[in-house]
Amino acid sequence: MINFQKTHFITSAPDITKLPDDTGIEIAFVGRSNAGKSTALNCITNQKNLAKTSKTPGRTQLINLFEIEENKRIVDLPGYGYAEVPLTVKKKWQRSLTEYLQKRKSLKAVVVLMDIRHPLKDLDRQIITWAALANIEVLIILTKSDKLANNARKNAINDVKRQLIEFGCTYNLVAFSALSKQGLNEIKEILNRFYSEFQETTAFPDFPDNDEESDEELDIDEQAWTKGYKEEQ
Ligand SMILES: Nc1nc2c(ncn2[C@@H]2O[C@H](COP(=O)(O)OP(=O)(O)OP(=O)(O)O)[C@@H](O)[C@H]2O)c(=O)[nH]1
Ligand SMILES: [Mg+2]
């Protein structure tokens, strides 16, 4: 088993051109702003302040890289979908997120973190769908499971499972709480398996187009994101 406690910070990059060499294995933590990505990372590595956490959504605006051991890295990506960040800033960081996901060859798995009370928003779905097409492993973490009582938690998990089956793929799904540590060991085991399963992958497909009606503020985000990427092609 990998010793996650050895994890240390390497660098923060505004875009993929500033990242270290594209070799080894990277596992990226993605999800809506405030989903609990940085908190989960600190919990997994058993370090209080490795990744910066915040009550203010939108705190992580750079691609943050951490090394567990040689050639094994964890990446804390900018959160998406936070409405109160200026659109220009939002566009810029969603572009670097998209670019990272599409171009980084060492990316072998994505961990999609979603608040158990607000799962499977549009961009979450896009990333999950895209990862399946790109042959990238997916671990879905339903965060803040302590916020729900036992029955409500079970219902939420089953509901997400049901919806994921409609995607036509099987995914690793774990309910997690940074407070109670529920799900922590399972998450570590799955990450460990991902790192040991390393296989060379090559070209990634484009993000799938999504013309469906979007909910809440994600509509604008999603268009900005897709548009930003296409403009660069
Ligand atoms: N109750 C509870 N609160 C949590 C849990 N995980 C995270 N939080 C809280 O949720 C808030 C956001 O957590 P972060 O880890 O900073 O979220 P993030 O996804 O990294 O956010 P961005 O960096 O903005 O994308 C913080 O106030 C955390 O304390 C959890 O398991 N239980
Ligand atoms: Mg963060």
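## A walk around helix α3 and its strands

In helix α3, the buried residues are L123, D124, Q126, I127, I128, W130 and A131. Select those residues to begin, and keep in mind as you look around that this is a predicted model.

Now widen the selection to residues 122–133, the whole of α3. This helix of 12 residues reaches 17 Å from its first C-alpha to its last, close to the 16 Å expected at 1.5 Å a residue. Because an α-helix has 3.6 residues a turn, residues three or four places apart point the same way. Just past the helix, click on N135: it follows α3 and has a positive phi, near 65°.

Next, select residues 107–115, which form strand β5. Is this strand largely enclosed or largely open? Eight of its nine residues are buried, so β5 is largely enclosed by the rest of the structure.

Add residues 25–31 to see strand β2, which pairs with β5 in the parallel sense over six bridges. Here A28 stands opposite V110 in β5. Then add residues 137–143, strand β6, which runs parallel to β5 and is joined to it by seven bridges. V110 turns up again, standing opposite V138 in β6. Follow the chain from β5 through α3 to β6, and you trace a β-α-β crossover that is right-handed.

For the last stop, select residues 150–166, helix α4. Its 17 residues reach 25 Å from first C-alpha to last, close to the 24 Å expected at 1.5 Å a residue. How many of its 17 residues are buried? The count is one, and α4 is hardly covered.

Definitions and conventions:
Residues are numbered from 1 along each chain as its sequence is written. Chains are lettered from A and ligands numbered from 1 in the order in which they are written. This is a predicted model: local features need pLDDT of at least 70, side-chain atom pairs count only at pLDDT 80 or more; totals for chains, interfaces and linings use all residues. Helices (H or I, at least four residues) and strands (E, at least two) are DSSP runs, numbered from the N terminus. The expected span of a helix is 1.5 Å times one less than its number of residues. A residue is buried if 20 or more other C-beta atoms lie within 10 Å of its own, exposed if 12 or fewer, and partly exposed in between; C-beta atoms are placed from the backbone. Two strands pair if DSSP finds at least two bridges between them. A crossover is right-handed if, with the strands pointing away from the viewer, the path from the first strand over the helix to the second runs clockwise.
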